[in-house]
Amino acid sequence: MSVVFNIVAVAQNGRLAYEAVLLAASLRASNPDFAGRLFIAVPQAGPLWVQDPTVQDMGILALLAEFGAEILPFESKCFGEAYPYGNKIECLAALPDEPFLFVDTDTVFTGSLDSVGFDFDRPSASMKREGTWPILELYGPGYGEIWGSLYAQFGLDFASSLDMREPDEYWKRYLYFNAGWFFHKSPAAFGQRFAEIAVAIRDAAPRELVCQPLSPWLDQVALPLVVHGFGGGRPGPELVGLDGDVTCHWRLMPLLYARESDQAVAMVEQVLAPNSVKKVLKDHLPFKKMVYQGKGVEVRAMFDRNDLPRREQMIRNQIKRANLWVR
């Protein structure tokens, strides 16, 4: 029997709130019998926020409720406005302590979650990433020294985290995730460890990190240490549906149309089509331009999904030259 689990994404006033509606609508459309709960976690106003981050648009709140999402308020104790990516860390403390899947709001569900072989005892996270961190400096420490210093700081076994199929000092050899999705059996335990490690790296990083940027990468620096510490690691074939036929982390609307599957594009256009949804979401410029004004079709025609440019920046530049970029 499959384990019932909850799904959580973080939203706040503005872009993420619009994206959360798309996420909730796509989950309802693709998984109408999903047995868990969908939480949209929202940071509450407090000393770590200059602007009130709460979702206040009544149209958005009504659509989220219609699609079965529950608003989950949480308090920002460590990060807040200075590092909003920390929301995905701090929201976990507010969840019921049951198995969970975290997804970024810029995710669309496209297939059945029943096809994914979750093992909530062995956490994992998304491999849909590029070698964005660390950024090596001439004459500075290499990948092995930098990552090794972090594992040592937290008493973790570094050697067992390495992918020995990859060459030494090549970024893919080292455990590194996109924090667009991750899961575990206990949001309380995972969230506490995630916060402890992220704060320690932010406030007292080892000397090997002295030249390394931690914004916006802090969550993705800490995440592999958390996953590895709980006995998890790289996702196996049983999880291929995540970032595959079951979920799509689309990131930005022009990138969705440029490189993602026909299935993902069709789901986005399907769930954004009803007038009740369009009435609210057309106020979000990326949805308005790419979906409702049809500019996404123009972007899609510019690229061959079987022969995409090697780097994301090359895709972005091509779209910008065509004056079709929006975010």
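Modeller: Before we place any residue in a loop, we need to know that a helix here is a DSSP run of H or I with at least four residues, that a strand is a run of E with at least two, and that both are numbered from the N terminus. Please also keep in mind that this is a predicted model.

Colleague: With those elements in hand, where is Tyr-139 placed?

Modeller: Tyr-139 sits in the loop between strand 6 and helix 4, and its backbone has a positive phi of about 70° although the residue is not a glycine.

Colleague: Is Tyr-139 buried or exposed?

Modeller: The reasoning needs a cut-off, which is that a residue is exposed when its relative accessible area is over 50%. Tyr-139 has a relative accessibility of 81%, and therefore counts as exposed. Asn-323, which is found in the segment after helix 12, can be read in the same manner: this residue has a positive phi of about 60° and is not a glycine, and at 63% relative accessibility Asn-323 counts as exposed.

Colleague: Which peptide bonds are cis?

Modeller: The angle to read is omega. One cis bond joins Trp-133 and Pro-134, with omega at about -5°, and Pro-134 belongs to the loop between strand 6 and helix 4. Another cis bond runs from Ser-215 to Pro-216, where omega is near 10°, and Pro-216 is in the loop between helix 5 and helix 6.

Colleague: How should I read the length of helix 1?

Modeller: One compares an expected span with the span in the model. Helix 1 covers residues 15–30, and its 16 residues, at 1.5 Å a residue, should span 22 Å; the C-alpha atoms at its ends are 23 Å apart, which agrees.

Colleague: How many residues of helix 1 are buried, and what follows from that?

Modeller: Buried means under 20% relative accessible area. Of the 16 residues of helix 1, 13 are buried, so this helix is largely enclosed by the rest of the structure. Helix 4 can be read likewise, because eight of its eleven residues are buried and it too is largely enclosed. Among those buried residues are Tyr-143, Trp-147 and Tyr-151, and the buried residues of helix 4 pack against helix 5 and helix 6. Just after helix 4 comes Gly-155, which takes a positive phi of about 65°.

Colleague: Could we follow one buried residue of helix 4, and ask what Gly-144 touches?

Modeller: Gly-144 counts as buried because its relative accessibility is 17%. Leaving out residues up to four places away in sequence, Gly-144 touches Phe-158, Glu-169 and Tyr-174. For helix 6 we may take His-228, which is buried with a relative accessible area of 14%; beyond its neighbours within four places in sequence, the contacts of His-228 include Tyr-151, Asp-157 and Leu-175.

Colleague: How should I think about a nonpolar core, and which residues have the most contacts inside the largest one?

Modeller: The general idea is that, in soluble globular proteins, nonpolar side chains tend to be buried together. In this model the largest nonpolar core has 63 residues, and those with the most contacts inside it are Ile-7, Ile-40, Phe-118, Met-253 and Leu-256. Helix 1 gives the largest share of this core, ten residues. There is also a second, separate core of 46 residues, which includes Phe-79, Tyr-83, Tyr-174 and Val-226.

Colleague: What does Phe-118 touch?

Modeller: Not counting residues up to four places away in sequence, Phe-118 touches Phe-5, Leu-101, Leu-113, Phe-183, Leu-239 and Leu-242. Leu-242 lies in the loop between helix 6 and strand 8 and is buried, with a relative accessible area of 5%. The C-alpha atoms of Leu-242 and Ser-126 are separated by 7.7 Å, although the two residues are 116 residues apart along the chain.

Colleague: Turning to open space, what is the volume of the largest pocket?

Modeller: The largest pocket has a volume of about 1200 Å³. It is lined by 35 residues, of which Tyr-85, Asp-106, Gln-220, His-249 and Arg-251 are the closest to its centre. By class, the lining has ten nonpolar, nine polar and 16 charged residues.

Colleague: And how many cavities of 30 Å³ or more are there?

Modeller: There is one, and the largest cavity holds about 60 Å³ of space. Its lining includes Arg-15, Trp-250 and Arg-251, and helix 1, helix 7 and helix 10 each supply at least two residues of that lining.

Definitions and conventions:
Residues numbered from 1 in each chain as written. Predicted model: local features only at pLDDT ≥ 70, side-chain atom pairs only at ≥ 80, totals over all residues. Heavy atoms only, no water. Expected span 1.5 Å × (residues − 1). Buried < 20%, exposed > 50% of the residue type's maximum accessible area, 1.4 Å probe, protein only. Contact = heavy atoms within 4.5 Å. 1 Å grid on protein atoms, 1.4 Å probe; cavity = no way out; pocket = protein on both sides within 12 Å on 5 of 7 lines; lining within 4 Å. Points joined across faces, edges and corners; volume = space filled by probe spheres on them. Nonpolar A, V, L, I, M, F, W, Y, C, P; charged D, E, K, R; others polar. Core = buried A, V, L, I, M, F, W, Y, C linked by side-chain atoms within 4.5 Å.
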